[in-house]
Amino acid sequence: MKQYFFRRIRMSFSNKLFVFLMGVFVLLTSFFSVFSLHSQQENFKKNLLREGFMIAGILADNARLGIFSMNNRQLEAAVSNVLGAYNVIGACIYDMEGQILQRKTAGPWEMTDICRKPERAVNDPSAEGLLNVSSFEDDEIVEFWSPVLTKTSKLSEDELYFEQDNRGRPGRTQRIGSVGVVFATTELQKNIRDMLITNLLVLFFLVFISCLATYFLVQGVTEPLNRLLKDIKSRGGMPEDRDDLGLISDTYSGLIRNLSESFATISTLNSSLEIKIAELEQEIAKRKQTEAALHDSEEKFRDISEGIAEGVAIVRDGIFVWLNKAFSDIFACLVDDLLGQEAAMLLPWPGQKAGSPWPSERLTGPGGQEPFLIEVRRKDGLDILLNVCCRPIIFEKQKAIQVIIRDVTERHREKTRRKELEIKALAQSKLASLGKIASGVAHEINQPLSYIRVVYESALQDIAKQRLDPAEMTVNFREALRQVGRITQITDHLRHFGRIDTSKFEQVQVPETLTNSLALMREILRLDNISLTQEIGEHLPSVFGNSVQLEQVFINLFQNSVDAMSESNDKRIRVSVQQAGEMLEICFSDSGPGIAFEEQKNIFEPFYSTKSMENRSGLGLAIVNSIIRDHHGRIAYRDLPGWGASFVINLPVSRDSGNGSSGALGQGPDNI
Ligand SMILES: Nc1ncnc2c1ncn2[C@@H]1O[C@H](COP(=O)(O)OP(=O)(O)OP(=O)(O)O)[C@@H](O)[C@H]1O
Ligand SMILES: [Mg+2]
């Protein structure tokens with residue numbers, strides 16, 4: 001509790017001020033109270049002395065005649081008169097010899113308690129012996145003694161002491177006795193006590209009043225300080241060991257620090273702001289330059305666009321706002337005829353419904369700028385094919401779409417013609433391949449045919465000799481039937497391979513295609529004593545393509561290997577099919593002489609051949625390359641250790657194995 005109290009005083013400035021002011025005030029008030037008490041006490045004493053001297057003088061004066069005449073009644077009257085005075089509790093009259101002539105007391109006082117010091121007063125003739133004042137503190141009484149002189153004079157304290165003869169003779173004034181007056185100090189002490197109590201009450205009252213006044217004064221003086229403190233505390237709390245002035249001082253220091261930091265920050269910001277303003281000004285200047293440049297470039301754009309063969313138009317909000325002459329020429333009309341017209345009417349977007357506006361948003365989005373082909377009808381009724389390319393542009397400070405069109409009708413026709421030629425070449429190549437494999441195929445068919453023939457001949461003989469054995473015949477006919485099936489399979493493959501329509505693209509299993517091509521080539525390989533190794537991976541994905549075209553690829557490669565190894569002793573072919581990421585990798589190798597480095601760059605060129613045999617056109621690898629490219633794949637020649645010639649084919653794996661579609665030879669993105 002005490003600690004809490006002192007802590008409250010220590011921590012709070014207003015409390016400290018209050019305690020200090022109160023301390024000062026109480027000290028001052030106490031000092032003045034003690035001083036005033038002391039001076040009042042002295043006054044009381046002085047008054048008592050004065051009164052005592054006066055009454056003792058009166059008694060001495062009244063006792064003079066009684067002592068002369070020894071008239072006891074007179075002396076008694078004098079003493080009685082004195083006893084009636086305030087605070088006088090006793091009076092006595094002595095003669096020169098120290099004999100009591102008269103003595104009386106008042107109240108509870110005994111004669112023996114008072115007027116006990118006549119000897120000194122009587123025997124000591126000096127002036128000092130006339131009066132003896134007891135101390136206030138120790139005794140309850142005070143005695144006043146006065147000489148009774150022969151001469152009546154005006155008595156004063158000084159005269160009592162000094163108006164004597166130098167020689168001590170009674171000449172001028174002679175002492176004939178002594179009188180004593182006794183005062184009780186009880187009343188005096190009571191007065192002093194009352195005065196003390198009054199003073200204390202006044203002191204307490206003053207302290208109370210000053211306490212209130214000081215409190216309100218301190219509150220008034222420290223109110224802004226308290227408000228400040230409250231604010232500081234509400235912002236961050238108050239540390240345990242910090243008084244409020246300390247806290248204000250800390251806060252003030254913190255504020256000064258923050259202020260200086262803020263000033264530093266402001267000056268930094270100021271300088272960066274100045275830099276920013278300068279940059280902004282530069283930016284504005286640059287922007288103005290850019291605008292001017294844009295204006296110039298727009299002018300240039302118009303000039304250049306007017307000079308190029310492609311049709312250029314600007315479409316804003318689906319309306320032609322600008323176009324060059326080439327654009328209007330492509331549509332066989334005038335520029336003014338097209339300006340302000342809806343772009344959707346002239347250039348319908350692929351898949352766009354009739355009357356719907358241009359999908360301007362799509363152009364700014366991803367994939368919106370892909371060029372597309374579209375067939376439109378000119379004003380003169382001619383149908384043309386256009387390649388349309390759109391891209392977003394800022395034209396006359398507004399967003400717009402730049403449309404570039406090119407008439408590709410002729411090129412498309414040319415391409416179609418080229419395709420037709422390619423298909424023809426492919427057909428011819430197939431025919432050539434058929435020619436080359438014909439002897440092998442014929443041999444392949446001959447074998448089962450010979451067997452069937454033998455079965456029929458022996459059956460006929462058995463019939464003629466009437467030695468038919470039904471069980472043996474059943475076995476032979478069954479085998480003959482199997483051989484027929486083999487022939488049918490070969491002829492089916494021939495028919496399939498000979499088909500001219502190779503436009504259908506579908507999911508193709510490459511190992512299956514390889515087996516089909518082997519059905520036609522196996523006999524040739526067998527006749528030439530060529531051993532074949534196949535390394536086919538498991539769970540291979542399909543490719544999107546045409547199986548007949550891919551069969552053609554394999555037959556050409558087989559044929560080339562057969563040709564290359566015609567004079568070799570070691571005759572081997574290895575075919576591997578593996579998946580390599582998103583591609584199917586087909587590696588075709590033979591143990592022939594391979595291809596010299598300087599010849600490798602020519603082998604895919606049409607009509608390049610090193611063979612002197614008849615029917616060798618040099619188109620085999622050129623057609624293979626074309627087919628593989630149409631399948632979005634690649635073919636390359638490789639030198640592999642241990643092998644002669646090696647061809648590596650990469651075909652993209654089909655992503656959608658169940659989705660077939662058709663396409664022409666050379667199918668792919670129309671890159672007109
Ligand atoms: N496996 C191979 N080994 C060695 N040389 C090859 C091989 N394959 C192709 N060549 C070389 O590449 C040339 C071009 O082959 P390509 O198949 O295009 O034409 P060709 O076989 O000569 O004629 P065609 O294929 O019309 O019968 C061949 O003449 C040959 O010199
Ligand atoms: Mg060839």
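**Packing of helices α12, α15 and α17 and the surroundings of ligand 1**

Helices α12 and α15 are oblique to each other, a class that takes in whatever is left once angles under 35 degrees count as roughly parallel, over 145 as roughly antiparallel and 65 to 115 as roughly perpendicular. Their axes lie 11 Å apart and the packing angle is about 50°. This is a predicted model, in which local features need pLDDT of at least 70 and side-chain atom pairs count only at pLDDT 80 or more, while totals for chains, interfaces and linings use all residues. Residues are numbered from 1 along each chain as its sequence is written, chains are lettered from A and ligands numbered from 1 in the order in which they are written, and side-chain values use heavy atoms, with hydrogens and water left out.

Helices here are DSSP runs (H or I, at least four residues) numbered from the N terminus. Axes are lines fitted to C-alpha atoms over the stretch in contact, with angles from 0 to 180 degrees between N-to-C directions. α12 passes α15 in a left-handed crossing, that is, with the near helix turned anticlockwise from the far one by less than a right angle. On the α12 side, the contact (heavy atoms within 4.5 Å) is made by Leu-426, Ser-429, Lys-430, Ser-433, Lys-436 and Ile-437. Their partners in α15 are Val-548, Gln-549, Gln-552, Ile-555, Asn-556 and Gln-559.

Helix α17 (residues 620-630) meets α12 (residues 409-464) as well, with axes that come within 11 Å and cross at roughly 125°. This pair is therefore oblique too, and the crossing of α12 past α17 is left-handed. Glu-422, Ala-425, Leu-426 and Ser-429 of α12 touch Ile-623, Ser-626 and Ile-627 of α17.

What, then, is the orientation of α15 to α17? The axes of α15 (residues 547-564) and α17 come within 9 Å and cross at roughly 150°, which makes the two helices roughly antiparallel. Here too α15 passes α17 in a left-handed crossing. In α17, Gly-620, Leu-621, Val-624, Ile-627 and Ile-628 meet a set of α15 residues that includes Leu-550, Val-553 and Leu-557.

Turning to the ligand, 18 residues surround ligand 1, each with a heavy atom within 4 Å. The closest are Ser-609, Thr-610, Lys-611, Ser-617 and Leu-621. Polar contacts are pairs of N or O atoms within 3.5 Å. In one, a backbone N or O atom of Leu-621 lies 2.8 Å from a ligand oxygen atom; for Gly-620, the corresponding distance to an oxygen atom is 3.4 Å. Asp-590 places a polar side-chain atom 2.9 Å from a nitrogen atom of ligand 1.

Conventions:
Polar contact = N/O pair within 3.5 Å; in protein donor to acceptor, adjacent residues only side chain to side chain.
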